[in-house]
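Student: I am new to this structure and would be grateful for a close look at one part of it. Please take me through the pocket and the core in a connected account.

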Amino acid sequence: MSKKKAVATITKSEKNPRVAYIIIPSTMVPDIPFVDVLKNNYGDIAFKFHHGGDSTANRTSKQSATIRVTFPAIIAKDLPVGSFDCELVKYGEIFKVVLLGKGNEP
């Protein structure tokens, strides 16, 4: 039996396109409840978890092993509608979002 790979999922609803969020397994990121959501000129999205972050990383429930980060509206507007699996690739203190599938595997 193979071990299941942990992936994060980005979700954006057609009903409310200004809101998008990512559900991340808590084992993929530090246990810090604050995060900066970053986006560069190329459209790459990344997270920096630190105590002075502008956004919150909330546990989805008290018993849950996942956290939810809501994207700022300025980033959410550029995300496609639907659900997409992704991986977080660590570069120092930064976690870059890499969409899985369609040839995007790191």
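**The largest pocket and the nonpolar core**

Tutor: The largest pocket has a volume of about 210 Å³, where a pocket is an open set of points on a 1 Å grid over the protein atoms alone at which a 1.4 Å probe fits, with protein on both sides within 12 Å along at least five of seven lines. The model is predicted, so local features need pLDDT of at least 70 and side-chain atom pairs pLDDT 80 or more, while totals for chains, interfaces and linings use all residues. Residues are numbered from 1 along each chain as its sequence is written, and side-chain values use heavy atoms, without hydrogens and water.

Among the residues that line this pocket (an atom within 4 Å of a point) are Ile10, Lys39, Asp44, Phe84 and Leu99. The lining divides into 8 nonpolar, 1 polar and 3 charged residues.

Turning to the core, the largest nonpolar core (buried nonpolar residues joined through side-chain atoms within 4.5 Å) has 24 residues, of which Ile22, Ile24, Phe47, Phe49, Phe71 and Leu88 touch the most other members. Elements giving two or more residues to this core include strand S4 (45-49) and helix H1 (73-76).

Phe47 counts as buried (under 20% relative accessible area) because its relative accessibility is 0%; Phe49, at 7%, is buried as well. Phe47, Phe49, Phe71 and Phe95 form one aromatic cluster. Beyond its neighbours within four places in sequence, Phe49 is in contact (heavy atoms within 4.5 Å) with residues including Ile24, Pro30, Ala57 and Phe95.

Methods:
Buried < 20%, exposed > 50% of the residue type's maximum accessible area, 1.4 Å probe, protein only. Helix = DSSP H or I, 4+ residues; strand = E, 2+ residues; numbered from the N terminus. Points joined across faces, edges and corners; volume = space filled by probe spheres on them. Nonpolar A, V, L, I, M, F, W, Y, C, P; charged D, E, K, R; others polar. Phe/Tyr/Trp six-rings, centres within 6.5 Å; stacked < 30°, edge-to-face > 60°.
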